[in-house]
Structure formats: structure tokens, C-alpha cells
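Me: I am new to this structure and would like a close look at a single part of it, the second largest pocket. Which residues line the second largest pocket, and how do they divide by class?

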Amino acid sequence: MVSLRNISSVAVIKYGIARDELPRDLIEELRIIEGLIKSDLTGEFFTLNFVWDDGEWRFRIPNQQPVTIRAGGRNFLGLAGGKLFLFDVRKISIDDFKVYLKERRITFYGMCFSVKSSDGRVRVFKSTISFTKVHYIDAMKMSSEVVGDHGKSKVRERIFSTANSEMCFTFSL
């Protein structure tokens, strides 16, 4: 069972709430949790730089505009978000994210808009990013899903590594 203290700590970090009026021991605990997020849930991978700083996620892909996701509102990422989350010809918006420190993963929730169709259909979008080691090399797996008509899903996955060559496996299901 998760304690109210843990839930509150994650909320303070996620939403970037000011800490100046909090008790000192809680401020120290928040510093430790945020340090864990920065060390365990971020990284510089072969074709992707993934950073947590001051209440927001920042993604950098070479030769592309950076993508930023902040808690507390809808983040319109456009086509850059579609490319980042493995759906190249779709526009993505992110409404929320959840951090799972023990499992070393983050799940982003939002909407996906097709560029090709003019009917304006919006689909539910979810992407989970998990971190692991593969033979002493840090790796990040991104699994993105768009739920379409009648509950039919499109899933795309990619594995990024910190090595000089990307372990790039893109799966479409």
C-alpha cells in the first residue's frame, strides 16, 4: 500500500510545487526522490536525449525541435510528438503521466490525431517508457499504443541504447 506521504511527495515533484514552506525532512526526502528520477528514469541514448528537470520532461532528437511535457495541463506536441512516440504521421497531445520509480518506468497518457483523415477523429494514446540494462549497456524501451475504432490497437515499440549504435527494434503489432 502506498502512503499518503509518498503520494504527496510524487505530486509535489510532478507538478513542480514550491517547497519553501515544507518541513525540512520532507524537503530532503523530495530531493532524494527527484534524484532517483534523474538517475534512473532519464538518459542520453544514441538518437534520443531524455531529461527530467524542474517539473518537466524534455526529449531531444537530433535535427528536430525539442519536445517538452509538463504536468497539470494538455501538452500539444504535434507531429514532433508523433515522431518521438513512434507514430510519424500523427499529432500527439499528452494530458498526464505517471512515474513508477520501483519499476523504472513512466507512462504518458493523451490523445492522437490523424494527419491523413479530415474527419477529426481523436484516438486514445498511451506510451510507456521503461529503463533497464542489457549486458551492462543502459537501455530504454518505448512502447506506444493508439486505440482506434472498436478497441483495435496499434502498438509500436523501440529499444534505445547508450552504445554508439542504437539497438533499434521497431515493432508494429
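Reply: For the classes, Ala, Val, Leu, Ile, Met, Phe, Trp, Tyr, Cys and Pro count as nonpolar, Asp, Glu, Lys and Arg as charged, and the others, Gly among them, as polar. This is a predicted model, in which local features need pLDDT of at least 70 and side-chain atom pairs count only at pLDDT 80 or more, while totals for chains, interfaces and linings use all residues. Residues are numbered from 1 along each chain as its sequence is written, and side-chain values use heavy atoms, with hydrogens and water left out.

A pocket is an open set of points on a 1 Å grid over the protein atoms alone, where a 1.4 Å probe fits and protein lies on both sides within 12 Å along at least five of seven lines; lining residues have an atom within 4 Å of a point. The second largest pocket holds about 160 Å³ of space, a volume being the space filled by probe spheres set on the points, which are joined across faces, edges and corners. Its lining is made up of Thr 47, Leu 48, Ile 61, Lys 83, Leu 84, Leu 86, Asp 88, Arg 158 and Phe 160, and by class these are five nonpolar, one polar and three charged residues. At least two lining residues come from each of α3 (78-84) and β10 (153-161), where helices (H or I, at least four residues) and strands (E, at least two) are DSSP runs numbered from the N terminus.

Two of the lining residues, Leu 48 and Leu 84, are also among the contacts (heavy atoms within 4.5 Å) of Phe 59, counted without its neighbours within four places in sequence.
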